[in-house]
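Hi,

Here is the structure I promised to pass on to you. Have a look at it first, and then read on for what turned up in it.

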Amino acid sequence: MVQGKWFAPGTNPGAAAGVRQEVFGFGQDALDSMSWNVLVYQDDVPAASGRIWWQDGAYRLGDIGVLPAMRGRRLGDLTFRLLLFKAQEHFAREVRLAAPPEVLGFFTRLGFRPDPFSPHGEGAPVEMVLPGAQIDLDSCKNCDRVSCPSRKPD
Ligand SMILES: CC(C)(COP(=O)(O)OP(=O)(O)OC[C@H]1O[C@@H](n2cnc3c(N)ncnc32)[C@H](O)[C@@H]1OP(=O)(O)O)[C@@H](O)C(=O)NCCC(=O)NCCS
């Protein structure tokens, strides 16, 4: 079973920081005092995490990571959607993140686009932006499964 758990700003992010440590090489840090951390479990085992915080007039997503052995099972997608849901709950006007070039496609799937006003160097993280009004968490969109029980009649 897949489950998500939130850690409020200023609380110990526990295993969410543990996943971060394994994926990115750093664990709990000062940013956790102002971030909501989310942790996704696969069968009670911590598998993915990410965080969201307010900075310079926008909500920022960061450190979205899935343990290497757990990738390709949509846990990254779920973590990303949970963070966007939190942004929506906070009536975010704008959501931002810095994406490594090799992961741009993962973020464009849900509407993020490179910020034309934030140029980046070759191979450097790309500043991406999504207006809050364009957050769309409808996971049925673009799905072509005809027999799915979630499909609404045309
Ligand atoms: C990027 C990452 C979070 C993806 O997690 P994941 O659980 O393997 O991805 P999912 O199984 O949820 O994939 C969901 C969709 O994204 C796509 N996707 C996954 N990784 C992608 C990538 N690097 N580039 C483009 N698309 C990608 C999948 O093909 C899938 O597409 P679909 O909806 O058409 O089927 C994971 O590879 C990771 O932790 N990478 C290292 C850390 C990192 O770079 N994080 C991002 C910067 S903060």
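Let me start with a residue that is easy to pass over: Asp63, which belongs to strand β4. Asp63 is not a glycine, yet its phi is positive, at about 55°. Please keep in mind that this is a predicted model, and that the angle comes from that model.

Arg74 shows a similar departure: its phi is positive as well, at about 75°, although Arg74 is not a glycine either. Arg74 is found in the loop between β4 and α2.

Arg74 also brings us to the ligand. A backbone N or O atom of Arg74 lies 2.8 Å from an oxygen atom of the ligand. Gly76 has a backbone N or O atom 2.9 Å from a ligand oxygen. Arg109 takes part through its side chain, with a polar atom 3.5 Å from an oxygen atom of the ligand. How much of the ligand does the protein bury? Taken alone, the ligand exposes 910 Å², and the protein buries 69% of that.

As for the surroundings, the ligand sits in the largest pocket. The shell around the ligand has 20 residues, and the closest are Ile64, Val66, Arg74, Gly76 and Asp77. By type, the shell divides into nine nonpolar, seven charged and four polar residues.

Which elements supply at least two residues each to that shell? They are the helices α1 (15-24), α2 (75-89) and α3 (104-108), together with strand β4 (58-66). The largest share, four residues, comes from β4, the strand that also holds Asp63.

Strand β4 is part of an open sheet of seven strands, in the order β1-β2-β3-β4-β5-β7-β6. The pairing in this sheet is mixed. At the edges are β1 (2-7) and β6 (113-114), each of which pairs on one side only. As a general reminder, strands of a sheet pair through backbone hydrogen bonds, either parallel or antiparallel.

One pair to look at in the viewer is β5 (residues 94-99) with β7 (residues 126-131). These two strands run antiparallel and are joined by six bridges. Within that pair, Glu94 stands opposite Pro131 in β7.

If you have time for just one view, I would suggest the ligand with Arg74, Gly76 and Asp77, which are among the closest residues around it.

Best wishes

How values were computed
Residues are numbered from 1 along each chain as its sequence is written. This is a predicted model: local features need pLDDT of at least 70, side-chain atom pairs count only at pLDDT 80 or more; totals for chains, interfaces and linings use all residues. Side-chain values use heavy atoms; hydrogens and water are left out. A residue is near a molecule or strand if one of its heavy atoms lies within 4 Å of it. A polar contact is a pair of N or O atoms within 3.5 Å; within protein, one must be able to donate a hydrogen and the other to accept it, and residues adjacent in sequence count only if both atoms are side-chain atoms. Accessible areas come from the Shrake-Rupley method with a 1.4 Å probe; for residues, only the protein chains shown count as cover. On a 1 Å grid over the protein atoms alone, a cavity is a set of points where a 1.4 Å probe fits but cannot get out, and a pocket is an open set with protein on both sides within 12 Å along at least five of seven lines; lining residues have an atom within 4 Å of a point. A molecule sits in a cavity or pocket if more than half of its atoms lie within 2 Å of its grid points. Ala, Val, Leu, Ile, Met, Phe, Trp, Tyr, Cys and Pro count as nonpolar, Asp, Glu, Lys and Arg as charged, and the others, Gly among them, as polar. Two strands pair if DSSP finds at least two bridges between them.
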